[in-house]
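Good morning, and thank you for the time on today's agenda. I would ask everyone to bring the model up on the screen before I begin.

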Amino acid sequence: MAQLEVDLHQRRKERPAIIRFLRQWDLQLMVIPAFILIVIFFYLPMYGTITAFQDYNIFKGISGSPWVGFKHFERFFNDPVFGRVMRNTLVISFLKLFICFPAPILLALMLNEVRSRYFKRIVQTISYLPHFLSWVIVSGLAMSILSTENGSLNMLLQSVNLIDEPVGWLNMPEHFWSILISANVWKEIGFGSIVYLAAIAGVDPSLYEAASMDGASRFKQMFVVTLPTIMPVIIIFFILAVGNLLTAGFEDILLIGSDPVLRPVADVLETYVYRMGIESQRFSYATAVGLFKAVVSVSLLTIANLLARRSGNSLW
Amino acid sequence: MRLSYGDRFFTGFIYTFLVLLSVTCLYPFWNAVVVSFNEGMDTALGGVTVWPRAFTLENYEIVFQDSRILHAFLVSVLRTIVGTASAILCTAIFAFGMTRSELVGRKFYMVACIITMYFSGGLIPTFLLIRSLHLFDSFWVFIIPSLISVWNMIVFRTFFLGLPAGLDESARIDGCGYWGTFFRIVLPLSGPVIATLALFTAISHWNDWFMPSIYINNENLIPIQTKLQQILNSNIMTEQMQQLDSAAQARLSAMKTITGKSLSMATMMVATLPIICVYPFVQRYFVKGVLVGAVKG
């Protein structure tokens with residue numbers, strides 16, 4: 001059998017690639033149409049980013065539009081909006097990295113302590129639900145709960161006398177970040193915990209026995225056994241999260257922060273690209289902002305991976 | 001095993017926390033259900049929380065009588081069915097081709113696919129592309145760009161590679177070509193992975209509101225989520241209007257027994273209905289599916 005495979009392998013090597021390609025036309029037919037779609041919908045837009053260096057004219061297309069070099073980048077960096085957008089992007093991304101990222105890990109650690117399978121199942125089922133709702137629904141729920149007109153939060157706070165008058169939470173810039181982060185945690189905490197629970201399930205039970213023999217409390221065991229064992233999984237997901245650091249969010253910010261009053265705190269790179277490009281039709285300028293974001297993101301991902309490689313875990 | 005006091009406190013804290021978390025996760029949704037079944041004017045008086053006070057089906061009657069909402073719902077159903085079936089089939093065929101070691105150019109295809117997971121052209125170039133492909137205001141804009149998902153291809157491929165190699169050989173001996181092997185042997189054996197990926201694809205099709213909001217102007221092609229977003233948006237505007245002008249507010253509320261809030265909650269429930277129906281039954285599949293995805297991530 002092994003000998004046969006070696007023979008086949010050698011014979012295949014002898015034939016030129018083009019002959020082999022034509023002979024397997026039925027196999028290539030499975031791959032090529034899909035590959036063409038990938039080229040059209042993923043690679044053509046990459047080529048399209050060169051409009052960032054042009055004054056793109058929709059009627060002349062990429063080949064006919066004049067080149068302007070780094071004009072749009074310079075304009076963006078000198079725009080007073082630049083500081084605001086960068087601050088919001090960084091603040092929201094870091095809040096997400098330090099709150100939305102660890103939240104599912106904490107939930108998984110807690111669920112792991114639950115001995116009743118029934119209870120665990122119920123909590124999981126309920127906490128997965130929000131993940132499957134669209135951001136439109138989630139923003140609608142947020143509006144309803146936080147509304148001044150009989151929103152549940154205002155009713156609750158009034159009934160315990162914390163506030164006298166209903167507060168218009170959604171129109172107040174100082175509350176936007178906390179609302180946004182809460183909504184994100186609410187939506188993804190349960191679903192995000194699945195991978196960590198799976199990693200925890202792989203922990204060798206004898207480690208817990210050994211730890212409890214040595215007198216570790218349940219709380220201590222969480223730190224000396226569970227957490228170190230799932231660390232590789234945490235690190236991989238952390239790298240991915242860092243790579244997305246400048247992707248503060250799009251749908252959530254666009255929907256929850258749609259009120260113009262919130263613009264000073266809600267404008268991030270992506271929503272800015274959307275407003276400039278789609279709403280104001282400043283295509284080249286918006287593409288330049290998007291390209292700037294992509295370049296910084298890739299650099300962050302590379303740096304994060306380098307750091308992770310030092311610790312022995314990396315993506316590539 | 002007896003628990004120490006510290007452990008008991010620890011466990012008690014965790015159970016309390018998890019109960020609170022479950023309540024927090026469920027309440028906003030439950031409250032919306034309750035409001036959608038409560039009379040609008042009664043809701044406006046306040047205090048409707050966990051049970052409808054003045055039960056009515058009025059809100060739903062209005063929603064179902066509104067032909068635009070019903071139409072949007074049907075657009076969503078059509079898009080989800082056609083989009084999911086075609087995307088899963090195309091991606092699975094692609095993935096099967098990519099499992100064959102004799103495929104000429106396999107490495108090149110794979111690298112080209114993986115690059116797309118790290119880099120993308122971004123919103124504006126994609127927008128301009130869709131525009132120049134004449135997919136604007138076309139139903140196909142929902143289907144064609146999402147036919148191939150690189151991520152799903154990798155999950156499929158991993159699953160196919162896990163199938164016993166002998167199956168493929170025996171199919172070959174019995175005279176099956178690549179397509180025959182795929183449709184007769186591989187596809188029937190891939191139930192779990194198809195179910196999982198189909199569920200995720202269906203949900204992303206169902207929940208998408210953004211693509212239609214930028215690519216579709218034709219009222220007849222707007223899906224339910226985008227419609228809902230428009231309704232919710234106009235609600236903010238009336239809410240603001242009401243806060244500004246008390247005379248207008250009085251007139252508005254005298255005109256309707258159904259408030260904007262009760263109506264939008266009912267629309268929200270209609271837009272969530274399919275997910276709520278499907279979700280409990282497929283839960284065990286998606287847990288598995290997330291893991292398949294995560295392991296190869």
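Let me start with a term: a helix here is a DSSP run of H or I with at least four residues, and helices are numbered from the N terminus. With that convention, B:Asp137 can be placed in the loop between helix H6 (123-132) and helix H7 (140-143) of chain B. I should also say at once that what you see is a predicted model.

Let me stay with B:Asp137 for a moment. What is the sign of phi in this residue? The value is positive, near 55 degrees, and the residue is not a glycine. As for its surroundings, B:Asp137 is partly exposed, with a relative accessible area of 32%.

Chain A offers a case of its own. A:Asn161 is likewise not a glycine, and its phi is positive at about 60 degrees. This residue lies in the loop that runs between helix H10 (152-159) and helix H11 (173-201) of chain A. Is A:Asn161 buried or exposed? The relative accessible area is 63%, so A:Asn161 counts as exposed, the cut-off for that word being over 50%.

I turn now to chain A as a whole. Its secondary structure consists of 17 helices and zero strands. The C-alpha trace spans about 80 × 65 × 35 Å along its principal axes. The radius of gyration of chain A is 26 Å, whereas a compact globule of 316 residues would have one near 20 Å. Buried residues make up 48% of the 316 in chain A. If we take the contacts in chain A between residues at least 6 apart in sequence, 65% of them join residues at least 24 apart.

Next, the surface. Chain A exposes about 15,500 Å², and 65% of that area comes from carbon and sulfur atoms. Chain A carries 25 positive and 22 negative charges, and the mean positions of these two sets are 9 Å apart.

Finally, the interface. How many residues of chain A are in contact with chain B? There are 88, and they meet 96 residues of chain B. Between them, chain A and chain B bury about 8,100 Å², with 77% of this on carbon and sulfur atoms. On the chain A side, A:Met30, A:Phe41 and A:Phe132 supply 10% of the area buried against chain B, more than any other three residues.

That concludes my presentation, and I thank you for your attention.

Technical notes. Residues are numbered from 1 along each chain as its sequence is written. Chains are lettered from A and ligands numbered from 1 in the order in which they are written. This is a predicted model: local features need pLDDT of at least 70, side-chain atom pairs count only at pLDDT 80 or more; totals for chains, interfaces and linings use all residues. Side-chain values use heavy atoms; hydrogens and water are left out. Helices (H or I, at least four residues) and strands (E, at least two) are DSSP runs, numbered from the N terminus. The radius of gyration is taken over C-alpha atoms; the globule rule is 2.2 Å times the number of residues to the power 0.38. Buried means under 20% relative accessible area, exposed over 50%, partly exposed in between (1.4 Å probe, protein chains only). Contact means heavy atoms within 4.5 Å. Accessible areas come from the Shrake-Rupley method with a 1.4 Å probe; for residues, only the protein chains shown count as cover. Lys and Arg count as positive and Asp and Glu as negative; His and the chain ends are not counted. The place of a charge is taken as NZ of Lys, CZ of Arg, CG of Asp or CD of Glu. Buried area is the accessible area (1.4 Å probe) that two parts lose on being put together, summed over both.
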